[in-house]
Amino acid sequence: MTSIRSIRMLSILLLAFSFIAPPSSSHSQQRKDIEKEINALLARMTLEEKLGQLQQLDGEGNGNFRPEHRDLARKGLLGSTLNVRGAQKTNELQRIAMEQSRLKIPLLFGFDVIHGYRTILPVPLAEASSWDPAVAERSASIAAAEARSSGVHWTFAPMMDIARDARWGRIVEGSGEDPYLGASFARARVRGFQGRDYSAPDKVLACAKHWVAYGAAEAGRDYNTTDMSERTLREIYFPPFKAAVDSGVGTLMSSFNSLNGVPASANPFTLTHVLRGEWKFDGFVVSDYTAVQELINHGLAANEKEAARLALNAGVDMEMVSRNFNQHGPDLLRNGQLSQATIDEAVRRILRIKFRLGLFEHPYADETRERSVILSPANAAAARELAARSMVLLKNERETLPLSKEVKSIALIGPLADDQQDLLGSWSGDGHATDVVTLLTAIKAKVPSATKINYAKGCDINSDSTEGFDEAVRVARESNVVIVAVGESAGMSGEASSRSSLDLPGRQLDLVKALRATGKPLVVVLMNGRPLTINWIAENTPAILETWFAGTQAGNAIADVLFGDVNPGGKLPVTFPRSVGQEPLYYNHMNTGRPPNANEKYTSKYLDLPWTPLFPFGYGLSYTQFRLSNLQLSATRIRPDGRLIVSVEIENTGKRAGDEVVQLYIRDVAASVTRPVKELKGFERFTLRPGEKRRVEFALTPEHLGFYNPEMRFVVEPGEFKVMVGTSSADEHELVASFEVQK
Ligand code: NOJ
């Protein structure tokens, strides 16, 4: 029998190979060897031990395991835990599995490392605002190194749910509304977490979630039902997952929602037909937290036994927290409602990943390493840089920003101006609020000591009190410039945190109005987990910086941007509506037979509001200016399987170095099914010196031009395509060209 050590070496090679070379014969031999090893284990496992591998149980909130876990680990009846973390704690439990259980199968420790483990990086929506996948890759790789050093093997990330409705609280955890941008970030995050080999001491196994269509929850209410065409599923909601699977993601999480009447955690079409059949995914699927049990509430399963039967047969391999597989597996097997082959296949998938993680050979975390990796100065420096790169300048009239460091006095006002806890954002891993650099602390460090900084909180994030307004207005009057930090608390987005209003909560808008009335130059710094309806602020204040929740180094990063040490270059990955009543609002919509027309009543619009967004997808300013010119296509006609190069020049026409994101959109003008008015098909962020000019090239291939026809076949249809290149999805200076796909 092949030894465990050689299996590990083989699995490393195998993973490395999967990125660089097509399967070779030695590659398939390595695969066979791993499967042989798994078969040998399977042959020795009792049914109870097999079902034990399919069980994941929750630890204590503080990272401890529960007494029951010891017992189960000793008996070989536990596959994985979530939330148990820390090198010492995980080692203690692992030692029981490795030294006292019959078959010595290692435990798999999972945790939600969403945007950092202890060093907290910007929330995922913020990172997507960088329009630079390298930001997300670096961020995930920092998170992976800290988490693995702390005994965590597996993160429940990246979340790649497309979100077109800002009411949905979990919009903060993803990359926004677009499948192309989403797929680019999904790839980058999987690379960052897993690297080429997730058995490495600084990498973790990733989990693409939530499979699938969870982001389309009706009315933006978390956990709610979704219902959509197979075309929308395949074209909008699947692409980030497909990108993750193609990048070698080891696991997926089945979502809470029901999809077209069948809950995603018991959906054979998505879990087996698409995932295993079409995409050849060979990792495992974990259910979301108690999602198997919840099949009863959905009204799909009449009881727990049926819940287990439906989920396992549909393709869920590991059950998170509820215990239906374990409790009812034996009975289902006896009754012939579940086959031995189905159980074995689920166990096989889980063991395969444990082998690939190298856990049989290296089950323990290195406690010394943990101390040197966690919260290292290098990680702090990176967190600061990545956070600044994720910020979006929404408005900057009369060059209000950047601020001069020589200003005599600054008023810093607002409930988030000296806040630590909220800046961590939702899902803050093992982050500590006390590690967070607040904006007040950062500004004090940024400006000369002679500069007077007048701080006033003004009001809470979400209360009715205006008691602090007088003080805030007083300090504003005494200062040369006013910075006000407003937004949401961290808990207002994330899981179970949907909102029916997108307004600034509490009395914060009134606070901004009172400050505006002082006539002092005013900069609004937003900290929030979703698009907000900030119409008054957009119309009446001169400068707005969207900073999302920027993490441990938030204050420093914001100060870097406010004072011009970093020129902001982020772009919105989601549409900002004018009113919650416009939701869902997204740029890549269909045209309708009566497109909006302000002068014609019987067209698709609102009586009481423009149909357009407040800030469009892809929008963001800089402290310098850019000009696009000279759009060229390599051909005006191509074959359906052909390829076209689109190129354009981008020039920094301003006085500072800065970043611009060139965005390529297409439109299939007439097709056998209606097509979106615009679809992102390429983007790249550039840094240019003043006066510098670059030519950018994008390739358009069948993958970009195709869609699902009425027979649900992916095709490129003949006819005219429009190409639009701009610096947002609604750029009035965008350059337009067209080409034809020949018959
Ligand atoms: C429920 C959430 O939906 C999921 O994203 C998360 O990974 C699990 N809980 C585990 O915490």
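Which residues does glutamine 55 touch, not counting residues up to four places away in sequence? That is a good way into this predicted model, and the first view below gives the answer.

**View 1. Glutamine 55 and its neighbours.**
Glutamine 55 has its place in strand 1. With those close in sequence (up to four places away) left out, glutamine 55 touches Leu78, Gly79, Ser80, Met318, Glu319, Val321, Ser322, Arg323 and Asn326. One of these neighbours, asparagine 326, makes a polar contact with glutamine 55, side chain to side chain, at 3.3 Å. Is glutamine 55 buried or exposed? Its relative accessible area is 3%, so it counts as buried.

**View 2. The five-stranded sheet.**
Here we step back to an open sheet of five strands, with parallel pairing and the order 4-3-2-1-10. Strand 4 and strand 10 (319-320) stand at the edges with a single partner strand each, so one side of each has no neighbour in the sheet. Strand 1 (residues 55-58) pairs with strand 2 in the parallel sense, over three bridges. Look for leucine 57, which stands opposite threonine 81 in strand 2.

**View 3. Strand 3 and the strands beside it.**
Now for strand 3 (residues 108-111), which is covered on both faces. Leu108 and Gly110 are buried on one side, and Phe109 and Phe111 are buried on the other. In a regular strand, side chains take turns between the two faces of the sheet. Strand 2 (residues 80-82) pairs with strand 3 in the parallel sense through three bridges, and threonine 81 stands opposite phenylalanine 109. To get from strand 2 to strand 3, the chain passes through helix 5 (residues 87-100), making a right-handed β-α-β crossover. Strand 3 is also joined to strand 4 (residues 154-155) by two bridges, and these two run parallel. The bridge partner of glycine 110 in strand 4 is tryptophan 154.

**View 4. Around the ligand.**
How many residues surround the ligand? There are 13, and the closest are Asp112, Arg170, Lys209, His210 and Asp288. For three of these residues we can give a distance to a ligand oxygen atom. An N or O atom in the side chain of arginine 170 is 2.6 Å from an oxygen atom of the ligand. For histidine 210, a side-chain N or O atom is 2.7 Å from a ligand oxygen. Lysine 209 has a polar side-chain atom 2.8 Å from an oxygen atom of the ligand.

**View 5. Helix 9, largely enclosed.**
Why is helix 9 (residues 230-237) described as largely enclosed by the rest of the structure? Six of its eight residues are buried, so little of the helix is left uncovered. The buried ones are Arg231, Leu233, Arg234, Glu235, Ile236 and Tyr237. They pack against helix 8 (179-194), helix 10 (239-246), strand 7 (258-259), helix 11 and strand 23 (707-708).

**View 6. Helix 13 from start to end.**
At the start of helix 13 (residues 304-314), a side-chain oxygen of asparagine 303 comes to within 3.3 Å of the backbone nitrogen of lysine 305. Further along, Ala307, Ala308, Leu310, Ala311, Leu312 and Ala314 are buried. Their cover includes helix 11 (268-278), helix 12 (295-298), helix 14 (324-334) and helix 15 (340-356). Just after the helix, glycine 315 takes a positive phi of about 130°.

**View 7. Arginine 138 and a long-range neighbour.**
Arginine 138 is found in helix 7 (residues 133-149). With 36% relative accessibility, it counts as partly exposed. Leaving out residues up to four places away in sequence, arginine 138 touches Ala382, Glu385 and Leu386. Leucine 386 is 248 residues away along the chain, yet the C-alpha atoms of arginine 138 and leucine 386 are separated by 8.4 Å.

**View 8. Two nonpolar cores.**
Nonpolar side chains tend to be buried together in soluble globular proteins. The largest nonpolar core here has 89 residues, and Leu394, Ile413, Ile483 and Leu562 touch the most other members. Beyond the four places nearest in sequence, isoleucine 413 has contacts that include Ala456, Val475, Ile483, Val484 and Leu515. A second, separate core of 85 residues includes Ile162, Tyr237, Phe281 and Ala346. Tyr237 also appears in View 5, among the buried residues of helix 9.

Methods. Residues numbered from 1 in each chain as written. Predicted model: local features only at pLDDT ≥ 70, side-chain atom pairs only at ≥ 80, totals over all residues. Heavy atoms only, no water. Buried < 20%, exposed > 50% of the residue type's maximum accessible area, 1.4 Å probe, protein only. Helix = DSSP H or I, 4+ residues; strand = E, 2+ residues; numbered from the N terminus. Pairing = 2+ DSSP bridges. Right-handed = clockwise from strand over helix to strand, strands pointing away. Contact = heavy atoms within 4.5 Å. Polar contact = N/O pair within 3.5 Å; in protein donor to acceptor, adjacent residues only side chain to side chain. Core = buried A, V, L, I, M, F, W, Y, C linked by side-chain atoms within 4.5 Å. Near = heavy atom within 4 Å.
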